[in-house]
Amino acid sequence: MPREGALTLSDLRSPTLSIICEPCSRRGSYSVARLMDEHGDAKLTDLLLTLADCQKARAASIHDRCKAVYEQLLP
């Protein structure tokens, strides 16, 4: 899979990957090794929609979309 400048699972230095969504109070923590086994060296941008597992992830309006982000990548 071409990287196209995106970060992939193999770029992570932490053994876990965490996501958060402030509006819905969703939090999740995942083993990077397990994610690699299940999804290969997936791009983090593509993987977020799968991990968030949110009905709003593909909403037509950007204002209604899921706000899940990777906690490690927050400024």
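1. Helices here are DSSP runs (H or I) of at least four residues, numbered from the N terminus. Within helix α1, R34 and E38 are 4 residues apart, which means that about one helical turn separates them. The model is a predicted one. R34 and E38 form a salt bridge, and their closest N and O atoms are 2.9 Å apart. R34 is exposed, at 55% relative accessibility, and E38 is partly exposed, at 46%.

2. The sheet is open and has 3 strands in the order β2-β1-β3, paired antiparallel. Its edge strands are β2 and β3 (69-70), each of which pairs on one side only. Helix α1 packs on this sheet and touches β1 and β2, with its direction at about 80° to that of β2. As a general matter, the strands of a sheet pair through backbone hydrogen bonds, in either a parallel or an antiparallel way.

3. Strand β1 covers residues 16-21, and strand β2 covers residues 26-31. The two run antiparallel and are joined by 6 bridges. At one point of this pairing T16 stands opposite S31; at another, S18 has S29 as its bridge partner. The hairpin of β1 and β2 has 4 residues between the strands, and S25 takes a positive phi near 60° there.

4. S18, in strand β1, deserves a separate look. Is S18 buried or exposed? Its relative accessible area is 14%, and buried means under 20%, so S18 counts as buried. Apart from neighbours within four places in sequence, S18 is in contact with G28, S29, V69, Y70, E71 and Q72. Among these contacts, S29 belongs to β2 as the bridge partner of S18, while V69 and Y70 fall at the positions given for β3 (69-70).

5. S31 lies in strand β2 and is partly exposed, with a relative accessibility of 33%. A polar atom of the S31 side chain lies 3.2 Å from the backbone nitrogen of R34. R34 is also the residue that forms the salt bridge with E38. By contrast with that short distance, the C-alpha atoms of S31 and Q55 are separated by 23 Å, and the two residues are 24 apart along the chain.

6. Which residues touch the most other members of the largest nonpolar core? They are L9, L17, L51 and Y70, in a core of 15 residues. The elements giving two or more residues to this core are β1, α1 (32-39) and α2 (44-52). Helix α2 gives the most, with 5 residues. In soluble globular proteins, nonpolar side chains tend to be buried together.

7. L51 can be followed further. Leaving out neighbours within four places in sequence, L51 is in contact with L17, I19, R26, Y30, L35 and Y70. Of these, L17 and Y70 are also listed with L51 among the core residues that touch the most other members. Y70 appears again as a contact of S18.

8. How many salt bridges does a search of the whole structure find? The search finds 3. One of them joins R27 and E71, with the closest N and O atoms 2.9 Å apart. R27 is in strand β2 and E71 in the segment after β3, so this pair ties together parts that are 44 residues apart in sequence. R27 is exposed, with a relative accessible area of 54%, whereas E71 is partly exposed, at 35%. E71 is also one of the residues in contact with S18.

9. Another salt bridge joins K43 and D46, where the closest N and O atoms are 4.0 Å apart. K43 is buried, at 9% relative accessibility, and D46 is partly exposed, at 43%. D46 also enters a comparison with T8: the two are 38 residues apart along the chain, and their C-alpha atoms are separated by 9.4 Å.

10. T8 is placed in the segment before β1. With a relative accessibility of 2%, T8 counts as buried. The side chains of T8 and D41 are joined by a polar contact of 3.1 Å.

Conventions
Residues numbered from 1 in each chain as written. Predicted model: local features only at pLDDT ≥ 70, side-chain atom pairs only at ≥ 80, totals over all residues. Heavy atoms only, no water. Buried < 20%, exposed > 50% of the residue type's maximum accessible area, 1.4 Å probe, protein only. Contact = heavy atoms within 4.5 Å. Pairing = 2+ DSSP bridges. Core = buried A, V, L, I, M, F, W, Y, C linked by side-chain atoms within 4.5 Å. Axes fitted to C-alpha atoms, helices over the stretch in contact; angles between N-to-C directions. Polar contact = N/O pair within 3.5 Å; in protein donor to acceptor, adjacent residues only side chain to side chain. Salt bridge = Lys/Arg side-chain N within 4 Å of Asp/Glu carboxyl O.
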